[in-house]
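Here is a short briefing to read alongside the model. Please keep the viewer open as you go through the points.

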Amino acid sequence: MSAYLLRDKKPVILEQASRFGGNAKGEAWNGLQYSIGAAYLIKPEQDSGLYKLLKDLGISHDWTIKSGGESNVVINGKLIENFWSGKSEPHHQATYKRLYDYFMSFNTEGGNTFPDYPTQDAVLRRYINKLDQEDFYSHLERIIGTALPSHLTTLLEHYCYSSFAGSSKEISAAAGINFFAAEFSDVAVFPGGNSYCLSGFPQGLSGNTGYPSRSSSALLKSSTALAGVCTAYFFMRFRHRHFISGSKP
């Protein structure tokens with residue numbers, strides 16, 4: 001993304017992994033494209049910077065839009081359609097509905113205020129500060145008035161560890177709602193997940209710079225020079241070769 005925004009400076013991209021994308025990677029099996037990392041985006045508003053970027057890359061309508069509340073999960077090898085119906089724990093269906101309605105209320109007009117931050121709004125800041133006094137897990141138990149069922153607890157823990165690298169009991173209610181409630185709005189899913197977004201970058205970069213990107217590369221040394229920046233890096237596919245590349249600032 002930084003290289004794309006600085007493409008008029010003719011940057012050189014070095015990537016230590018064998019392919020680009022970081023945690024956004026996808027694979028294909030028998031023609032089925034799926035994600036093995038970042039899987040989807042919250043659908044961006046048309047006046048947002050993200051939507052403009054996707055439009056610039058020519059992929060703003062390559063997605064499939066689905067409701068985040070229509071979650072299907074696999075539990076003990078069994079597909080559970082519409083997880084929030086409580087089918088996996090029938091005795092707790094009322095609890096599932098209460099929690100589902102609570103999260104949906106942050107995405108409906110006239111519902112609960114979404115804890116969107118950072119913010120300069122004093123009223124919203126006080127609201128977020130209050131949510132910050134409670135951890136996410138305890139907040140949800142207080143809202144529904146009972147202990148969370150085991151499958152809901154597992155879902156929250158998996159989600160929080162993947163999003164925050166911590167338990168739902170270690171993050172604030174403000175942070176938890178900010179992330180999790182957004183999942184109940186419309187989400188945009190690309191073929192193979194967010195790695196699909198990378199498809200528009202190479203043309204946008206090479207078409208403007210002419211500089212190749214190099215994966216499987218590790219930076220050795222970078223220093224300024226009269227002509228610009230001198231960078232030495234190690235191309236891992238040829239473990240005994242060094243490449244020297246210069247770029248004008």
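Welcome to a predicted model, and let us begin with one aromatic residue: Phe164 is partly exposed, with a relative accessible area of 26%. Its partner in an aromatic pair is Phe179, and the notes below go from that pair to the cores, the sheet, the backbone and the cysteines.

**Aromatic rings**

- Phe179 counts as partly exposed too, at 35% relative accessibility.
- The rings of Phe164 and Phe179 form a tilted pair, with 4.6 Å from centre to centre and 50 degrees between the planes.
- Because Phe164 lies in helix H6 and Phe179 in helix H7, this pair ties together parts that are 15 residues apart in sequence.
- The model holds 20 aromatic pairs in total.
- One aromatic cluster includes Phe83, Trp84, Tyr96, Tyr100, Tyr102 and Phe103. Phe106, Phe136, Tyr159, Phe180 and Phe184 belong to this cluster as well.
- For a charge over a ring, look at Tyr137: Lys169 lies over its face, at 4.7 Å from the ring centre.

**Nonpolar cores**

- The largest nonpolar core has 28 residues, and those with the most contacts inside it are Trp84, Leu99, Phe103, Phe136, Leu140 and Phe180.
- Helices H3, H4, H5 (136-144), H6 and H7 each supply at least two residues of this core.
- Another core, of 12 residues, lies apart from it, and its members include Ala188, Phe190, Cys197 and Phe201.
- Leaving aside residues up to four places away in sequence, Phe180 touches Trp84, Phe103 and Phe136, along with Leu155, Leu156 and Tyr159.

**The sheet**

- Three strands make up an open, antiparallel sheet in the order S3-S7-S4.
- Strand S3 (41-42) and strand S4 (64-67) are the edge strands, since each pairs on one side only.
- S4 and strand S7 (residues 186-189) run antiparallel and are joined by four bridges.
- To find one of these positions in the viewer, start at Ser67, whose bridge partner in S7 is Asp186.

**Backbone features**

- A cis peptide bond joins Tyr117 and Pro118, with omega at about 10 degrees.
- Pro118 is found in the loop between helix H3 (93-104) and helix H4 (122-131).
- Asn30 is a residue other than glycine with a positive phi, near 50 degrees. The place of Asn30 is in the loop between strand S1 (26-29) and strand S2 (32-35).
- Asn30 is exposed, with a relative accessible area of 67%.
- Ala165, also a residue other than glycine, has a positive phi near 60 degrees. The loop between helix H6 (150-164) and helix H7 (173-180) is where Ala165 is found.
- With 64% relative accessibility, Ala165 counts as exposed.

**Cysteines**

- How many disulfides does the model have? The count comes to zero.
- Cys160 is buried, with a relative accessible area of 0%.
- Cys197 is buried as well, at 12% relative accessible area, and belongs to the core of 12 residues.

Definitions and conventions
Residues are numbered from 1 along each chain as its sequence is written. This is a predicted model: local features need pLDDT of at least 70, side-chain atom pairs count only at pLDDT 80 or more; totals for chains, interfaces and linings use all residues. Side-chain values use heavy atoms; hydrogens and water are left out. Buried means under 20% relative accessible area, exposed over 50%, partly exposed in between (1.4 Å probe, protein chains only). A disulfide is a pair of cysteine sulfur atoms within 2.5 Å. Two strands pair if DSSP finds at least two bridges between them. Rings of Phe, Tyr and Trp (its six-membered ring) pair if their centres lie within 6.5 Å; planes under 30 degrees apart count as stacked, over 60 as edge-to-face and the rest as tilted. A charge sits over a ring if NZ of Lys or CZ of Arg is within 6 Å of the ring centre and within 35 degrees of the ring normal. A nonpolar core is a set of buried Ala, Val, Leu, Ile, Met, Phe, Trp, Tyr and Cys residues joined through side-chain atoms within 4.5 Å. Contact means heavy atoms within 4.5 Å.
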